[in-house]
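Me: I should like to go through this structure with you, beginning with confidence and then moving on to the details.

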Amino acid sequence: MNNAYKVKNGLRQVGERIVLKDGGWVSTPFYAVLSPRWRSNKSNFEPKETEIGRVSADYYTYIGPFDHNILSLSDKAYLIADGVKYIFKKRDAVKMGNQVLFYRGVLRKVWEEND
């Protein structure tokens, strides 16, 4: 078994069931890890100023399997996990040689009422 499949099997054991949506396309459900980003100085991707000061958004690190290429998604694509919508702010592939092992990214939780 190659390393990409080992990562995918590990994600199946510890990850959440999610789907990707891009326009009318919806992926088959698969497993990925979503982890909150706690350090505000390292996750200040979209500073927003309001009349009362800076507003923090909810950011998450995404780790997903090699066979769900998030780099091919449009900028309007989003992810659904446990009924919650997330949009990608950053995304890239982690490779060993020419082989993609997994995809990673930074997500922002979407608050439908305010976004």
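**Confidence, core and local features**

Reply: To begin with confidence, strand β1 has the highest mean pLDDT among the elements of the protein, at 97, and strand β5 (residues 53-55) has the lowest, at 50. The model is a predicted one.

Me: What is the mean pLDDT of the protein, and what share of its residues reach 70 or more?
Reply: The mean is 86, and 78% of the residues reach 70 or more. Where pLDDT is low, the coordinates should not be read in detail. For β5, the mean is 50.

Me: Which residues have the most contacts inside the largest nonpolar core?
Reply: They are Y62, L79, F88 and L107, in a core of 17 residues. The strands β1 (16-22), β3 (30-36), β6 (59-65), β7 (78-81), β8 (84-96) and β9 (99-109) each supply at least two residues of this core.

Me: What is L79 in contact with, leaving aside neighbours within four places in sequence?
Reply: L79 is in contact with I18, V19, L20, L34, Y62, V84, K85, Y86, F88 and L107. Three of the names in that list, Y62, F88 and L107, are also given with L79 as having the most contacts inside the core.

Me: Turning to the strands, how many bridges join β8 to β9, and in which sense do they run?
Reply: There are 10 bridges, and the two strands run antiparallel. β8 and β9 form a hairpin with 2 residues between them, and G97 in the turn has a positive phi of about 70 degrees.

Me: Over how many bridges does β9 pair with β6?
Reply: β9 and β6 pair over 7 bridges, in the antiparallel sense. V106 in β9 stands opposite T61, and V106 also stands opposite K90.

Me: Why is β9 described as largely enclosed?
Reply: Because 9 of the 11 residues of β9 are buried, β9 is largely enclosed by the rest of the structure.

Me: A different topic: which residue has a positive phi although it is not a glycine?
Reply: D82 has a positive phi of about 55 degrees. Most residues other than glycine have a negative phi. D82 is placed in the loop between β7 and β8.

Me: Is D82 buried or exposed?
Reply: D82 counts as exposed, because its relative accessibility is 72% and the cut-off for exposed is over 50%.

Me: And H68, where is it found?
Reply: H68 is in the loop between β6 and β7. H68 counts as buried because its relative accessibility is 14%, and buried means under 20%.

Me: What does H68 touch, not counting residues up to four places away in sequence?
Reply: H68 touches L20, S27, T28, F30 and Y103. In addition, a polar contact of 3.2 Å joins the side chains of H68 and D67.

Me: Which strand holds S35?
Reply: S35 lies in strand β3. At 33% relative accessibility, S35 counts as partly exposed. Beyond four places in sequence, S35 touches Y59, Y60 and T61. S35 and T61 are 26 residues apart along the chain, and their C-alpha atoms are separated by 5.1 Å.

Me: Finally, how many residues has helix α1, and what caps its N-terminal end?
Reply: Helix α1 (residues 3-14) has 12 residues and reaches 17 Å from its first C-alpha to its last, close to the 16 Å expected. N2 caps the N-terminal end of α1, with a side-chain oxygen 3.1 Å from the backbone nitrogen of A4.

Key:
Residues numbered from 1 in each chain as written. Predicted model: local features only at pLDDT ≥ 70, side-chain atom pairs only at ≥ 80, totals over all residues. Heavy atoms only, no water. Core = buried A, V, L, I, M, F, W, Y, C linked by side-chain atoms within 4.5 Å. Buried < 20%, exposed > 50% of the residue type's maximum accessible area, 1.4 Å probe, protein only. Helix = DSSP H or I, 4+ residues; strand = E, 2+ residues; numbered from the N terminus. Contact = heavy atoms within 4.5 Å. Expected span 1.5 Å × (residues − 1). Polar contact = N/O pair within 3.5 Å; in protein donor to acceptor, adjacent residues only side chain to side chain. pLDDT = per-residue confidence, 0-100. Pairing = 2+ DSSP bridges.
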